[in-house]
Amino acid sequence: MKKITVIILFCLLACFNVRSQEGNSRVTHFSLAIGAGWSHYFANMDLVPARNVHKEFIGTSFQFMWEPEYRLSLGLETGLYRIFKVDSVLTKEYTMDSRMYMIPLLLVIRMRIVDHFYLSVAPGLAIQLLQIRGIGETISSTQYSFANFEACASYLYPLSKRFVVGGEARFFYIGATNDNIMSLNAVFALRL
Amino acid sequence: MALLMAGCNKSKDVPVPSEGPNSFLTQTYPLPDNSRKIMDGIYKVTAGNELFGDQVVLKWSRKKLTMMCSDGHYSVLDVGQLDSVIVIQGYWRYCYNDNTGLLNAYIARDEGGSEIVNGVTTPMIILRGAYGKTGNELDKALELVYQRPISPALLSKKFSILAHRSGGRTSDHLPVSENSIAMINFTEGLGSTGIEVDVQLTRDGIPVLFHDGDINIRLTQKGPLSGPIHDFTYMQLYYLVSLIHGEHIPRLNDALMFVVDSTLISDVYLDMKENVNSMSTVIPIQKEMLQRAKDKGRDLHIYVGLPSQDAINDFMNQPDYLITPSLCELTVDDVVRTNSMVWAPRWTEGTQNDLVAQIHTQGRIAWTWTLDNVEWIKEYINDGNFNGILTNYPFVVGYYHYIREK
């Protein structure tokens with residue numbers, strides 16, 4: 001009897017949910033967004049004096065979003081960020097600099113909080129590209145970080161049915177190297 | 001997500017309790033070698049049982065006295081003498097967590113101190129003192145009573161206590177970094193008689209000691225360099241990477257030279273992380289250091305590890321492979337094929353007494369790796385016939401080995 005009651009309740013809830021969708025005239029759509037702006041690296045190196053670490057750079061982001069529901073949307077995000085550039089004075093004769101870039105590959109879960117204002121979280125991968133110039137040849141090295149996390153707050157204002165502009169503030173944590181960056185981007189989005 | 005981020009951070013450092021620079025020990029004189037040997041033995045714990053159990057082993061290494069307990073507690077102790085009183089200071093640790101504290105003790109003149117200082121064997125040694133469980137307190141009584149020496153029959157047969165990653169893992173909160181020269185200097189104080197080191201090649205073909213494939217924050221301080229170790233030259237690693245306690249990543253050559261010149265370590269197992277094209281670089285260094293040890297009268301064995309078929313193929317492509325000391329981790333047939341001196345199966349394959357006996361009849365020896373659990377260590381020492389055990393906890397292996405009668 002208990003099982004039957006649960007099944008009936010479940011069916012009723014499912015019906016109500018379906019009906020609530022019927023009245024919704026909103027059309028599921030996709031969007032492409034591109035962002036660019038300032039990024040800042042939170043320097044946390046034990047080995048290098050802070051004065052040798054360059055922290056401010058230009059970063060870019062690209063998002064492809066699927067917006068099937070009223071508030072929630074899902075998507076994929078990538079981009080290109082320079083995390084840091086470090087000037088190292090090794091000896092009187094030698095200097096060396098290293099530059100770290102990062103390409104994130106993230107699954108974005110975004111929620112509209114109030115009109116035009118969104119919060120999102122995004123776990124995923126990051127490809128880290130390191131370039132070293134100095135003693136000997138220039139060396140490029142690639143490594144993968146599997147435990148990364150991004151939090152982002154966005155303000156997106158629709159100019160028309162197809163075009164959206166706005167700004168976003170994001171924080172990114174890279175697990176493999178324990179690096180953190182934040183960025184403030186201007187965003188332009190196209191609804192498909 | 002917060003848990004994930006917190007979990008990725010480095011765990012805390014465990015301090016080494018110390019009396020500091022004003023220690024009374026600085027006013028004492030070192031014990032001569034013949035005095036040290038008298039202190040080696042099995043001791044009954046008459047006070048301090050709650051931490052150290054009912055019985056401990058005291059064993060001198062090159063410069064430290066190690067107290068080995070049955071459950072993973074151990075002490076690393078400095079010893080001096082003044083007016084026939086033996087003064088002992090150091091710290092105790094528990095290997096399975098970060099519990100630690102000070103330990104101070106003495107042997108009174110009429111309780112064995114005079115005999116030890118004069119190099120005279122005595123059946124009565126009583127070590128009295130105190131230890132603490134928090135900070136630098138010394139609020140618990142300690143008393144050890146000498147029971148018997150370590151069995152001469154046992155000491156006459158070589159048994160290798162091999163310490164992992166040059167002496168101990170960074171993850172065990174030791175005060176020095178794994179695969180560093182500082183760790184090689186430290187490890188004898190933990191009771192080890194041999195070491196295993198992890199060998200990789202840099203971009204410019206220099207063998208260095210490092211365990212992981214990548215430069216990472218688990219093993220190194222946060223710096224401007226990260227990624228696969230073979231992507232970088234030795235100079236780049238030297239200048240841009242520091243191990244977790246500040247040491248440089250050592251070259252194999254420098255590490256082995258330290259072993260030969262500055263330690264009493266008798267076995268070195270080169271765990272080759274590169275499976276191909278590294279033997280031609282590593283074997284000449286091995287030969288040079290074996291010759292250096294021979295010239296100094298050291299009984300040192302350095303074995304090239306063969307962990308895979310690729311490594312065996314690389315090894316067998318070397319002209320002198322049949323006379324190159326090696327350690328094979330694969331089958332007994334592979335041991336014969338490569339003429340390896342040591343067979344080293346992983347411990348999970350069991351004691352394998354039949355195969356070990358077969359190896360012994362061929363004039364070879366057998367080690368097993370990497371054994372850390374107290375119960376398994378006890379079982380492998382009591383029921384197995386291995387000639388050595390690779391472990392992260394050499395003091396546990398030492399305890400169960402030295403308490404044997406033969």
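How many residues does the contact take from chain A and from chain B? I looked this up in a predicted model. The contact takes 32 residues from chain A and 25 residues from chain B.

Buried area. I find that chain A and chain B bury about 2400 Å² between them, with 65% of it on carbon and sulfur atoms. On the side of chain A, the most area is lost to chain B by L47(A), I139(A) and Y173(A), together 22% of what that side buries.

Polar links. I looked for salt bridges across the interface, and the rule finds one. K222(B) forms a salt bridge with D179(A), and the closest N and O atoms are 2.6 Å apart. I also noted eight residue pairs in polar contact across the interface, both residues at pLDDT 80 or more.

Elements. I listed the strands of chain A that give two or more residues to the side touching chain B: strands 4, 5, 6, 7 and 8. Strand 7 of chain A gives the most, with six residues. By class, I get 18 nonpolar, eleven polar and three charged residues on this side of chain A.

Aromatic pairs. I count 19 over all chains. The rings of Y74(B) and F395(B) have centres 3.8 Å apart and planes at 15°, so I enter the pair as stacked. Y74(B) is in strand 4 of chain B and F395(B) in helix 14 of chain B, 321 residues apart. Both Y74(B) and F395(B) are buried. I entered Y303(B) and W367(B) as an edge-to-face pair, at 5.5 Å centre to centre and 85° between the planes. Y303(B) and W367(B) are buried. Ring pairs also link Y74(B), Y94(B), Y96(B), Y393(B) and F395(B) into a cluster.

Conventions
Residues are numbered from 1 along each chain as its sequence is written. Chains are lettered from A and ligands numbered from 1 in the order in which they are written. This is a predicted model: local features need pLDDT of at least 70, side-chain atom pairs count only at pLDDT 80 or more; totals for chains, interfaces and linings use all residues. Side-chain values use heavy atoms; hydrogens and water are left out. Contact means heavy atoms within 4.5 Å. Buried area is the accessible area (1.4 Å probe) that two parts lose on being put together, summed over both. A salt bridge is a side-chain nitrogen of Lys or Arg within 4 Å of a carboxyl oxygen of Asp or Glu. A polar contact is a pair of N or O atoms within 3.5 Å; within protein, one must be able to donate a hydrogen and the other to accept it, and residues adjacent in sequence count only if both atoms are side-chain atoms. Helices (H or I, at least four residues) and strands (E, at least two) are DSSP runs, numbered from the N terminus. Ala, Val, Leu, Ile, Met, Phe, Trp, Tyr, Cys and Pro count as nonpolar, Asp, Glu, Lys and Arg as charged, and the others, Gly among them, as polar. Rings of Phe, Tyr and Trp (its six-membered ring) pair if their centres lie within 6.5 Å; planes under 30 degrees apart count as stacked, over 60 as edge-to-face and the rest as tilted. Buried means under 20% relative accessible area, exposed over 50%, partly exposed in between (1.4 Å probe, protein chains only).
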